[in-house]
Amino acid sequence: MSVTLAPPVRIGRAAVGALGMLAVATGALESVVTPTLPLLQRELDMSPAEGALLSVMLLITGALITPVAGKFGDRYGGKRVLIRLMSVVCAGGLVSALAPNLPVLLLGQVLQGAMVGALPLSFILVRTHLSAGESKVAIGVVSGLFVGGGMAGTLAAGPVAEGLSRHWMFALPTIAVIGATMLVNRLMPQDPPGRSDAAGVDWPGLLLLSGTLVTLMLVLALAPDITSQPLVLGALIVVLAVFVTAWVAVERRAAAPMIDLRMLARPAIWTSCVLTFVICVGTSVAVYLVPQLFAVPADEHGFGAGATEIGIFLLPGAVAASLAGPLGGIGARRFGSRAVVTAGIVIMAAALTALAAVHTETWHLVIGKAAIALANGLCVTAMVTSTATSVEQGDTGIATSLVLVTRVVGYAVGAQVSGAILTAGTPSGSDVPAESAFVTGFVMAGAVTALSLLVVRSISKGVKE
């Protein structure tokens, strides 16, 4: 029925381009806080703990909203849910732009977190209106543009905040999101609702997952202070275990679970989730450590670079990330997802190891970061493409949501672990982390990334190409 109502010829490049523009705009809006966090802390008089909360708020809410958005998209139609979701994102962007203090800014970030759900909804639309082969390329394009938009936001946020104000760094990408949403609404045809079921939203599962993610972030943030706060950290670990146990029990019994653990048990799905998590942890280590190393004073072991210089140094990585999505989609279509993922993992592991061994010149970091960005885009695109095409069309949103939630958690965990390593590696009385701390971070990320090849080799043969 759905194929008859929405044949592949019903959308062309203009409609896919509108989804791509939306991906760029949302990616830019998602990324503006990280490079400007010191500026926000100064202007809003935030403590380090409050700054850490602000930096992960969007990730946590995004991880929670994504599976709900995917499920609603499968049930009620991708376009219908996407437009409503982006209305929430636009409201959040405007709240962040006008925020006079931290509580209001946190509210804006909570609303903006809904943007992470835009990707699985875009994939639903692509699979509905394009053939299987064309959808692989389109998914790669949209994924790559989202990554590229994120890098563009990272580069532009600092100059905009310093040259105009922190308000404009939220306002400009929000205006772009509004325009792209209007284009999608005009160019994308309605997709018919999928299967319907009587069960509602799994609110207990959503609340328990919220508690799990928040507690996990607190555990990782407090890990460097384990000697001074062992009881607090121990209590949080116990609470985390309780949340995880309760969440798994609720999801197994729920009539319509927020995250279908039975689907997660499929080889194609859990392999994609494991690989996506590991790859995103490795990527986020580089995303966090490379700018920090650029900023270390030149008379120590860094380069003393300012915000503008760091943005220029990261530009090749932005280009590589933008190209990686389309290349990953084309590669998955021609050679299969397994080959693309294997190549990406090898590139990333080699780049992280090289950065640990050689980082005395700016070009070492520039090339290493660009290689990691390229590898991340290749791997994540191939994983999402493989997942999206390995399930029934009605399960596309739920399945890709699992991978995208894993992506968000991987980035958050990698960033928190990197911060913990630098904190532990900062000598007493100094504000500059030791060079050995950076080396440790790169080596650990490279080793974990390389070990993921075992998962590719032993499991991924069961993935549909």
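Helices do all the work of regular secondary structure here: the protein has 19 of them and zero strands. Keep in mind as you look around that this is a predicted model. Of the 465 residues in the protein, 55% are buried. The contacts reach a long way along the chain, too: take those between residues at least 6 apart in sequence, and 81% of them join residues at least 24 apart.

Let's start with a pair of helices. Find H15, which covers residues 337-357, and H18, which covers residues 435-451. Their axes lie 8 Å apart, and the two helices pack at an angle of about 160°. Anything over 145 degrees counts as roughly antiparallel, so that is the label H15 and H18 get relative to each other. As for handedness, H15 and H18 make a left-handed crossing.

Now zoom in on where the two helices meet. H15 brings Ile345, Met348, Ala349, Leu352, Leu355 and Ala356 to the contact, while H18 answers with Val439, Phe442, Val443, Ala445, Gly446, Thr449 and Ala450. Sorted by class, that makes 11 nonpolar residues and two polar ones, with no charged residues in the contact of H15 with H18.

Stay on H18 for a moment, since Phe438 sits in this helix as well. Is Phe438 buried or exposed? Its relative accessible area is 1%, and under 20% means buried, so Phe438 is buried. Which residues surround it, once neighbours within four places in sequence are set aside? Phe438 is in contact with Leu289, Gln292, Leu293, Val296, His301, Leu422 and Pro433. Ala286 gives another sense of how the chain folds back: it is 152 residues away from Phe438 along the chain, yet the two C-alpha atoms are separated by 9.7 Å.

Next comes helix H13, residues 267-295, where you'll find Thr271. Thr271 is a buried residue, with a relative accessibility of 1%. Look across to Val403 and you have another long-range pairing: Thr271 and Val403 are 132 residues apart in sequence, but 9.7 Å apart from C-alpha to C-alpha.

On to the aromatic rings. Searching the whole structure turns up two aromatic pairs. One that is worth a look is Phe294 with Phe303, a tilted pair with 5.8 Å from centre to centre and 55° between the planes. The partners sit in unlike surroundings: Phe294 has a relative accessible area of 1% and is buried, whereas Phe303 has 22% relative accessibility and counts as partly exposed. Phe313 joins in as well, and together Phe294, Phe303 and Phe313 form one aromatic cluster.

Finally, swing over to a loop. Ala114 is found between helix H6 (102-112) and helix H7 (118-129). Being in a loop doesn't put Ala114 at the surface in this case, since its relative accessible area is 7% and it counts as buried. What does Ala114 touch, not counting residues up to four places away in sequence? Its contacts are Ile65, Leu85, Val88 and Val89. Met86 can be added as a distance marker: it is 28 residues from Ala114 in sequence, and their C-alpha atoms are 7.5 Å apart in space.

Note on methods. Residues numbered from 1 in each chain as written. Predicted model: local features only at pLDDT ≥ 70, side-chain atom pairs only at ≥ 80, totals over all residues. Heavy atoms only, no water. Axes fitted to C-alpha atoms, helices over the stretch in contact; angles between N-to-C directions. Helix = DSSP H or I, 4+ residues; strand = E, 2+ residues; numbered from the N terminus. Parallel < 35°, antiparallel > 145°, perpendicular 65-115°, else oblique. Left-handed = near helix turned anticlockwise from the far one by under 90°. Contact = heavy atoms within 4.5 Å. Nonpolar A, V, L, I, M, F, W, Y, C, P; charged D, E, K, R; others polar. Phe/Tyr/Trp six-rings, centres within 6.5 Å; stacked < 30°, edge-to-face > 60°. Buried < 20%, exposed > 50% of the residue type's maximum accessible area, 1.4 Å probe, protein only.
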